[in-house]
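User: I would like to go through this model and hear the reasoning behind the terms used for it.
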Amino acid sequence: MKSQRIKKFNLFESIEDKERLSKSVATILNTQIKNELQSSQIYRGMSCWLDDSGWIGASKYYFKTAQEELSHMDKVYEYLFSRNTQAKVPTCVEVKQDFKNIREVLEVSLKHEMSVTKNWEDISDLAKKEGDNTTYEFAQGFLKEQIEEEEKFRNLLYKLDLEMPDWKTDELFEDLMK
Ligand SMILES: [Fe+2]
Ligand SMILES: [Fe+2]
């Protein structure tokens, strides 16, 4: 597309074609598109196992969480578009779809969210190092959200320790969606 424009107007590179992100920032953000898609797939896999295991409320909650992860992914696409930088569609990854119990689901979730926090910290660090203030600001929004994402799963794990009946535990997930 861009090369066609350059040919048509006989330009070397016109100002409007200039990519506004560095190669390294573009690469790390494209990797984050894949990470957010992976998050969605992970939670979708958990939702399937939960539904199959009779955790109906928890399954619904995980399904909704998977959808939210897709909206995170879309935000990264839109940011790349707005900075005139090419986004890349990642390939889907295989995810775990079998779990020992609900505790394992929650432990894997918390561990995963902690790794996503690290992803956004790396993006933030790179942006800071390159003096890319817009990407730095963009990453701060996600880092702020990661505090809640981690807390959600940590609190559910604490509540599991209270050893409530299963139906009551399942209700906790439904309450989170209200
Ligand atoms: Fe996310
Ligand atoms: Fe998340």
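Analyst: This is a predicted model. Glu 113 and Glu 149 are a place to start, and both are buried.

User: What makes Glu 113 and Glu 149 count as buried or exposed?
Analyst: The cut-off for buried is under 20% relative accessible area, with the protein chains only taken into account. Both Glu 113 and Glu 149 are classed as buried, so each falls under 20%.

User: Which protein atoms are donors of the iron ion (ligand 2)?
Analyst: They are OE atoms of Glu 69, Glu 113 (listed twice) and Glu 149, lying 1.8 to 2.7 Å from the ion. A donor has to be within 2.8 Å of the metal, so these atoms qualify. The spacing of the donor residues in sequence is E-x43-E-x35-E. Glu 113 belongs to helix H4 and Glu 149 to helix H5 (residues 133-160), so this pair ties together parts that are 36 residues apart in sequence.

User: Why is the arrangement around the iron ion (ligand 2) called irregular?
Analyst: The angles subtended by the 4 donor atoms run from 51 to 149 degrees. Tetrahedral would need all angles between 85 and 135 degrees, and square planar would need opposite donors over 155 degrees apart. The range of 51 to 149 degrees meets neither condition, so the arrangement is irregular. Water is not among the atoms, so sites may look incomplete.

User: Which residue coordinates both iron ions?
Analyst: Glu 69 does, and the iron ion (ligand 1) and the iron ion (ligand 2) are 3.4 Å apart. For ligand 1 the protein donors are Glu 36 (OE), Glu 69 (OE) and His 72 (ND1), at 2.1 to 2.2 Å. Glu 36 is in helix H2 and Glu 69 in helix H3 (residues 56-82), so they tie together parts that are 33 residues apart in sequence. Both Glu 36 and Glu 69 are buried.

User: How do you know whether H2 and H4 are roughly parallel or antiparallel?
Analyst: Helix H2 (residues 23-52) packs against helix H4 (residues 102-130) at about 170 degrees, with the axes 11 Å apart. Over 145 degrees counts as roughly antiparallel, so H2 is roughly antiparallel to H4. The residues of their contact are 15 nonpolar, 7 polar and 4 charged.

User: Which residues of the largest nonpolar core touch the most other members?
Analyst: Of its 22 residues, they are Leu 50, Tyr 62, Leu 106, Phe 153 and Phe 173. Two or more residues come from each of H2, H3, H4, H5 and helix H6 (166-176). H2 gives the most, with 5 residues.

Terms used. Residues are numbered from 1 along each chain as its sequence is written. Chains are lettered from A and ligands numbered from 1 in the order in which they are written. This is a predicted model: local features need pLDDT of at least 70, side-chain atom pairs count only at pLDDT 80 or more; totals for chains, interfaces and linings use all residues. Side-chain values use heavy atoms; hydrogens and water are left out. Axes are lines fitted to C-alpha atoms, for helices over the stretch in contact, and angles run from 0 to 180 degrees between N-to-C directions. Helices (H or I, at least four residues) and strands (E, at least two) are DSSP runs, numbered from the N terminus. Angles under 35 degrees count as roughly parallel, over 145 as roughly antiparallel, 65 to 115 as roughly perpendicular and the rest as oblique. Ala, Val, Leu, Ile, Met, Phe, Trp, Tyr, Cys and Pro count as nonpolar, Asp, Glu, Lys and Arg as charged, and the others, Gly among them, as polar. Donors are N, O and S atoms within 2.8 Å of the metal (3.2 Å for Na, K and Ca); water is not among the atoms, so sites may look incomplete. Four donors count as tetrahedral if all angles lie between 85 and 135 degrees; four count as square planar and six as octahedral if opposite donors are over 155 degrees apart and all others between 65 and 115; anything else is irregular. Buried means under 20% relative accessible area, exposed over 50%, partly exposed in between (1.4 Å probe, protein chains only). A nonpolar core is a set of buried Ala, Val, Leu, Ile, Met, Phe, Trp, Tyr and Cys residues joined through side-chain atoms within 4.5 Å.
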